[in-house]
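Student: I keep meeting labels like "buried" and "core", and I'd like to know how they are earned. Can we go through one structure together?

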Amino acid sequence: MTDREPLLDPVLDPAAMRKQYRAGGLAEEDLATHPMDQFTRWFEDAARAALHGTLYEPNAMVVSTADAQGRPSSRTVLMKQYDTEGFVFFTNYDSRKGRDLAENPHVALLFPWHPLARQVIVTGTARRTGRDETAAYFRTRPHGSQLGAWASVQSAVIASRTELDTSYAALEARYPEGEQVPVPPHWGGFRVTPETIEFWQGRENRLHDRLRYVARPDGTWKVERLSP
């Protein structure tokens with residue numbers, strides 16, 4: 001097959017892949033006053049969908065960052081907390097996203113709840129959580145995940161999988177199950193403080209509802225409707 005030869009099988013042809021979104025709409029009068037209250041409503045819907053097996057990991061979100069030169073990168077992480085101050089995730093501070101955010105705190109988040117024909121898109125700035133908050137969360141992680149935070153030099157090039165497994169095995173021997181694992185100094189949380197939060201609801205004929213909260217300087221929020 002040449003680069004220009006079209007895919008004939010509609011199952012494999014991206015241009016032929018099309019789904020009509022028949023979900024209910026999203027109207028301004030139905031929104032909560034505060035965007036995080038609206039997020040709570042939708043997150044609860046996503047969590048219930050996950051319980052029924054129609055959605056996988058409702059707290060999974062795509063985090064997009066850019067370095068000091070503006071070169072972007074994206075990856076999926078798990079949101080571990082949210083409140084009126086924003087969204088929290090944890091990572092290795094020496095990872096690519098950690099280095100990006102050290103140089104450029106501007107960040108975008110995307111919650112892709114495809115089975116519900118919904119997305120939530122957040123823009124804002126990220127700052128590190130305090131060490132007490134990081135330690136409190138680290139203690140809730142399974143023992144193996146705590147060891148993994150030490151074993152992985154996240155985003156670094158390694159020679160083989162064996163190198164990673166060997167590092168983990170050494171840590172497992174040093175800190176057996178039941179023994180407290182210290183919090184890595186290079187590992188911790190980021191809290192993303194939103195500047196905009198868009199709630200995207202899929203509708204028929206690609207005429208989606210897009211309602212975006214925009215932060216005002218006085219701490220209140222205005223709502224804008226975006227054309228799909």
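Tutor: Sure. This is a predicted model, and its largest nonpolar core has 32 residues.

Student: Which residues touch the most other members of that core?

Tutor: Those are Phe 39, Phe 87, Trp 113 and Val 120. Helix H1 (35-51) gives two or more residues to this core, and so do strands E1 (60-66), E4 (86-92), E5 (106-113), E6 (118-128), E7 (187-201) and E8 (209-215). The largest share, 6 residues, comes from H1.

Student: What does Val 120 touch, leaving out residues up to four places away in sequence?

Tutor: Its list includes Phe 39, Trp 42, Leu 109, Leu 110, Phe 111 and Trp 113. Ile 197, Glu 198 and Phe 199 are on that list too. Apart from this core lies another, of 12 residues, among them Tyr 137, Phe 138, Ala 149 and Leu 171.

Student: Now an arginine. Why is Arg 191 called buried?

Tutor: Arg 191 has a relative accessibility of 8%. Buried means under 20%, so Arg 191 counts as buried. This residue lies in strand E7.

Student: What makes the link between Arg 191 and Glu 133 a polar contact?

Tutor: Their side chains are joined at 2.8 Å. The cut-off is a pair of N or O atoms within 3.5 Å, where one can donate a hydrogen and the other can accept it, so this pair qualifies as a polar contact. Arg 191 also touches other residues, including Gln 81, Asp 83, Glu 85, Phe 87 and Val 88.

Student: How do you know that E8 and E9 pair?

Tutor: Count the bridges: E8 and strand E9 (residues 221-226) have 6, in the antiparallel sense. Pairing needs at least two bridges, so these strands pair. Take Arg 212: its bridge partner in E9 is Glu 224. E8 and E9 form a hairpin with 5 residues between them, and Gly 219 in the turn has a positive phi of about 95°.

Student: And the largest pocket: what makes a residue part of its lining?

Tutor: A lining residue has an atom within 4 Å of a pocket point. The largest pocket has 17 lining residues, of which Phe 90, Thr 91, Arg 141, Gln 154 and Trp 187 lie nearest its centre. Strand E2 (72-78), E4 and helix H4 (143-151) each supply at least two residues of the lining, and the largest share, 4 residues, comes from E2.

Student: How much space lies in that pocket?

Tutor: About 360 Å³.

Note on methods:
Residues numbered from 1 in each chain as written. Predicted model: local features only at pLDDT ≥ 70, side-chain atom pairs only at ≥ 80, totals over all residues. Heavy atoms only, no water. Core = buried A, V, L, I, M, F, W, Y, C linked by side-chain atoms within 4.5 Å. Buried < 20%, exposed > 50% of the residue type's maximum accessible area, 1.4 Å probe, protein only. Contact = heavy atoms within 4.5 Å. 1 Å grid on protein atoms, 1.4 Å probe; cavity = no way out; pocket = protein on both sides within 12 Å on 5 of 7 lines; lining within 4 Å. Points joined across faces, edges and corners; volume = space filled by probe spheres on them.
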